[in-house]
Amino acid sequence: MKTQLLPNHFYNVFLIVFLIAYNPVFAQENLENNKMVTTVFKAFKKNNEKKILKCLPTKKDIEHLVPLIKEARPQETIPATDSVLANFKVELIKNFRQLIKKGNSFGVEWENIVLTGVRYNVNPYRNVLVERGDITLECTSGAIEFLLIIKKSINIRGNWRIMNQMKFRLL
């Protein structure tokens with residue numbers, strides 16, 4: 001009895017699905033040296049609001065993203081780029097201060113924090129073709145272990161950007 005070979009296109013489809021499903025695992029390799037990750041870590045270590053603002057999208061980044069969002073969601077109203085950037089700036093500074101304060105309440109000595117690991121969890125932007133996910137910085141400060149979670153970060157034109165609030169979580 002002969003075994004029937006599966007059609008060649010089945011193998012191609014399987015390969016494509018495999019690569020798409022496991023791409024985030026491979027993308028994690030360089031996150032510890034990623035510019036956004038190192039900038040966020042240094043901003044917290046030095047308690048520096050101006051440094052964290054470097055992780056926001058630029059005007060060109062927003063202008064690149066707007067047509068992608070409009071294509072995926074034509075009914076959605078998108079504010080002017082300058083308005084979006086101003087709002088991001090205010091919200092990020094407010095969020096940064098809250099996290100510093102929360103960490104202080106648990107005894108985190110920010111100047112002594114150590115980055116012990118970085119994780120990436122896919123969090124796709126529905127119908128918008130950009131890479132988006134939650135980037136988690138695993139940190140310690142003395143005996144205190146905690147996470148800094150950068151929610152819904154987006155890779156725009158090859159650069160990761162903070163697009164949402166960050167979270168602080170004790171381990």
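Let me begin with one pair of side chains: Asp-61 and Arg-161 form a salt bridge, and their closest N and O atoms are 2.9 Å apart. Because Asp-61 sits in helix 4, residues 59-72, while Arg-161 belongs to strand 4, residues 159-161, this pair ties together parts of the chain that are 100 residues apart in sequence. I should say at once that what we are looking at is a predicted model, and that every value I quote is computed from it.

Staying with that pair, Asp-61 is buried, and Arg-161 is buried as well. Nor does the pair stand by itself, since Asp-61 and Arg-161 are linked with Arg-157 in a network of salt bridges. As a general point, side chains of opposite charge can pair when their charged atoms come close. For the model as a whole, the count comes to seven salt bridges, and I would like to go through two others from that set.

The next one joins Arg-119 to Glu-138, with the closest N and O atoms 2.8 Å apart. Here Arg-119 lies in strand 1, residues 114-122, and Glu-138 lies in strand 2, residues 131-141, so the pair ties together parts that are 19 residues apart in sequence. Is Arg-119 buried or exposed? With a relative accessibility of 36%, Arg-119 counts as partly exposed, because that class covers what falls between the buried limit of under 20% and the exposed limit of over 50%.

The other salt bridge is made by the side chains of Lys-151 and Asp-134, at 3.5 Å from N to O. This pair again links distant parts of the chain, with Lys-151 in strand 3, residues 144-156, and Asp-134 in strand 2, 17 residues apart. The two partners fall into separate classes of accessibility: Lys-151, at a relative accessible area of 26%, is partly exposed, whereas Asp-134, at 11%, is buried.

Let me turn now to the pockets. The largest pocket holds about 370 Å³ of space, and 17 residues line it, with Ile-69, Val-84, Phe-88, Tyr-125 and Met-163 lying nearest its centre. Which elements supply at least two residues each of that lining? They are helix 4, helix 5, which spans 81-105, and strand 3. Helix 4, where we already met Asp-61, gives the largest share of the lining, namely four residues.

Sorted by class, the lining of the largest pocket has eleven nonpolar residues, together with three polar and three charged ones.

Definitions and conventions. Residues numbered from 1 in each chain as written. Predicted model: local features only at pLDDT ≥ 70, side-chain atom pairs only at ≥ 80, totals over all residues. Heavy atoms only, no water. Salt bridge = Lys/Arg side-chain N within 4 Å of Asp/Glu carboxyl O. Buried < 20%, exposed > 50% of the residue type's maximum accessible area, 1.4 Å probe, protein only. 1 Å grid on protein atoms, 1.4 Å probe; cavity = no way out; pocket = protein on both sides within 12 Å on 5 of 7 lines; lining within 4 Å. Points joined across faces, edges and corners; volume = space filled by probe spheres on them. Nonpolar A, V, L, I, M, F, W, Y, C, P; charged D, E, K, R; others polar.
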